[in-house]
Amino acid sequence: AREAKALDARTQGSLATYRRANQVLAGGVASSYQARDPWPIYLERGAGPKVWDVDGNEMWDFHNGFGSMVQGHAHPAIGAAINARYASGTHFAAPTEDAITVAAELQRRWGLPKWRYVNSGSEATMDAIRIARGLTGRDTVVKIFGSYHGHHDTVMVSIGIEYDQIGDHENLASLSYGAGIPQATVDMTIAVPFNDAGAMERRIERLIAEDRKPACVIMEAAMMNLGVVLPEDGYLQAVRDLCTRHGIVLIFDEVKTGICIAAGGATEKWGVKPDLVTLAKALGGGLPVGAIGGTEEVMSVVEDGSVYQVGTYNGNPLGMAATRASLLEVMTPDAYAHLDRLNERILAGCTAVIERYGLPGYAVGVGSKGCVTFSPTKVIGYETFKANQDAAMADLAWLFNMNRGIFMTPGREEEWTLSVAHTTEAVDRYVEVFEELAVELTA
Ligand code: PLP
């Protein structure tokens with residue numbers, strides 16, 4: 001209560017803004033994920049690793065636009081590319097040279113030959129699933145229980161469920177995430193638990209026996225909406241083998257991991273190759289750019305025109321210019337080495353605090369992403385997260401951070417994203433605040 005009151009006091013400008021915003025924006029925000037009780041924090045500007053809210057609070061940005069700003073805010077190289085492109089026209093709905101340059105770089109990073117563009121992660125997963133369905137002529141989609149893949153109907157299924165409603169996850173009926181999704185669509189998506197290739201295999205075999213062979217498995221190689229949940233050894237390869245054996249398209253949703261955890265994302269990190277990959281968030285260097293990459297076979301249905309993969313703003317020149325500058329000038333091998341070093345430092349710092357004060361939790365991360373998971377035992381998927389996460393601690397840590405100049409994603413399920421502009425000073429401050437929290441908790 002003390003921390004909540006303190007945050008209320010330092011965000012009175014946000015409260016005033018909220019009152020005005022509420023007159024014209026539904027809920028006072030531009031997306032439901034920007035909402036927060038009792039009111040959202042309205043931001044004014046960002047530079048490098050920092051952001052400032054409308055009250056003038058200066059904060060190290062560990063939120064980074066839900067993991068989109070791995071380049072840091074207002075990077076000069078990206079700004080120069082945007083300005084140059086603006087001066088020569090921002091939109092034609094015709095391909096430009098940058099669209100080719102970016103695809104060539106993505107091909108190099110992911111080892112997948114053919115690419116298309118979209119404008120968000122949701123569009124990327126929506127089109128990827130359509131491509132898989134078009135290729136196979138099948139409707140059923142397998143996803144991971146608790147995973148988020150965007151806001152289109154097919155994947156708004158079996159995401160946030162209270163632990164006491166989970167029951168027997170292997171036989172769980174598909175559950176709509178929010179209203180407005182047709183039951184027939186919900187029923188076409190089957191969720192299986194993460195890090196359990198055996199459960200996925202059993203479910204797929206049952207679906208085949210029911211004459212409902214899946215078109216695709218869509219999954220994050222590392223779950224990024226329960227903090228960070230890494231794949232257990234051998235899991236991704238087992239899924240790969242299972243999909244290959246049954247002719248099921250394997251989609252790695254790398255909207256969060258993509259540009260952030262290695263040059264070639266989770267695909268490079270764990271060395272298991274999907275048939276399709278989806279990118280967005282950090283891809284566009286701060287502009288709304290998404291991409292889909294695939295094998296020759298899978299993308300043949302786009303090339304022969306049997307699957308429509310379309311969009312007025314796909315490959316928009318402004319977004320492509322920012323993406324080209326981001327990939328070629330900012331997200332260099334040195335940048336990834338810097339992110340790895342900083343993440344090791346922050347993870348080691350948090351681990352040391354946890355051990356020193358005997359906190360029930362652990363620090364986990366990869367590339368630019370990480371978190372402290374307040375759980376006494378290791379989280380391997382949605383069930384273990386829901387059963388063991390100390391949600392009150394996660395809420396308190398968020399308030400504690402916000403009151404001490406650490407801007408974090410709202411909610412208990414998110415991770416930090418470091419940016420190229422972050423320094424040891426930024427991550428050391430994070431650890432220092434975490435230690436202050438530990439001191440108070442154990443006093
Ligand atoms: N896929 C994953 C793994 C995501 O985390 C998200 C967004 O959080 C999406 C897809 C949807 O992306 P967008 O919000 O750009 O539509």
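Here are some friendly notes on the predicted model shown above, taken point by point.

1. Overall build. The protein chain contains 16 helices and 14 strands. Its radius of gyration is 22 Å, close to the 22 Å that the globule rule gives for 443 residues, so the chain is as compact as a globular protein of that length. If you want a feel for the dimensions, the C-alpha trace spans about 60 × 60 × 45 Å along its principal axes. Buried residues account for 49% of the 443 residues. Of the contacts between residues at least 6 apart in sequence, 73% join residues at least 24 apart.

2. Two domains. The chain is divided into domain 1, made of 2-70 + 332-442, and domain 2, which covers 76-330. Their C-alpha centres are 25 Å apart. Across the boundary, 29 residues of domain 1 are in contact with 28 residues of domain 2. On the domain 1 side, the elements that give two or more residues are α3 (64-67), α13 (333-357), β11 (362-366), β12 (369-373) and α14 (382-388). The largest share comes from α14, with five residues. By character, this side of domain 1 divides into 14 nonpolar, ten polar and five charged residues.

3. Around the ligand. Which residues come nearest to the ligand? Of the 15 residues around it, the answer is Ser120, Gly121, Ser122, Gly150 and Val255. Helix α6 (residues 121-136) gives the most to this shell, with three residues. The shell as a whole divides into five nonpolar, seven polar and three charged residues.

4. The strands around β7. Strand β7 (residues 216-219) is a good place to look at side-chain directions. Cys216 and Ile218 point one way and Val217 and Met219 the other way, and all are buried. This fits a general pattern: in a regular strand the side chains alternate between the two faces of the sheet. Strand β5 (residues 141-144) pairs with β7 in the parallel sense over three bridges, and here Val142 has Val217 as its bridge partner. β7 also pairs in the parallel sense with strand β8 (residues 249-253), over four bridges. In that pairing, Val249 of β8 is the bridge partner of Cys216.

5. A four-strand sheet. One open sheet has the order β1-β2-β3-β13, with mixed pairing. β1 (43-47) and β13 (406-407) stand at its edges, each with a single partner strand, so one side of each is left without a neighbour in the sheet. β1 and strand β2 (residues 50-53) run antiparallel and are joined by four bridges. One of the residue pairs to find on screen is Ala47 with its bridge partner in β2, Lys50.

6. A three-strand sheet. Another open sheet has the order β11-β12-β14, with antiparallel pairing. Its edges are β11 and β14 (416-417), each with a single partner strand, so one side of each has no neighbour in the sheet. Five bridges hold the antiparallel pairing of β11 and β12, and Tyr362 stands opposite Thr373 in β12. β11 and β12 are also among the elements on the side of domain 1 that touches domain 2.

7. Val302. This residue lies in helix α11 (residues 296-303). Is Val302 buried or exposed? Val302 has 22 other C-beta atoms within 10 Å, and 20 or more are needed, so it counts as buried. Leaving out residues up to four places away in sequence, Val302 touches Arg116, Ile131, Val307 and Gln309. The C-alpha atoms of Val302 and Trp115 are separated by 10.0 Å, although these residues are 187 apart along the chain.

8. Backbone spots to check. Most residues other than glycine have a negative phi, and most peptide bonds are trans. A cis peptide bond joins Asp37 and Pro38, with omega about 5 degrees; Pro38 is found in the loop between α2 (12-21) and β1. Ser158 has a positive phi of about 50 degrees and is placed in the loop between β5 and α7 (183-187). Ser158 is buried, with 25 other C-beta atoms within 10 Å. Asn195 also has a positive phi, near 60 degrees, and lies in the loop between β6 (189-192) and α8 (197-209). With 19 C-beta neighbours inside 10 Å, Asn195 counts as partly exposed.

Methods: Residues are numbered from 1 along each chain as its sequence is written. This is a predicted model: local features need pLDDT of at least 70, side-chain atom pairs count only at pLDDT 80 or more; totals for chains, interfaces and linings use all residues. A residue is near a molecule or strand if its C-beta atom, placed from the backbone, lies within 6 Å of it. Ala, Val, Leu, Ile, Met, Phe, Trp, Tyr, Cys and Pro count as nonpolar, Asp, Glu, Lys and Arg as charged, and the others, Gly among them, as polar. The radius of gyration is taken over C-alpha atoms; the globule rule is 2.2 Å times the number of residues to the power 0.38. A residue is buried if 20 or more other C-beta atoms lie within 10 Å of its own, exposed if 12 or fewer, and partly exposed in between; C-beta atoms are placed from the backbone. Two residues are in contact if their C-beta atoms, placed from the backbone, lie within 7 Å. Domain bounds come from an automatic or database domain assignment. Two strands pair if DSSP finds at least two bridges between them.
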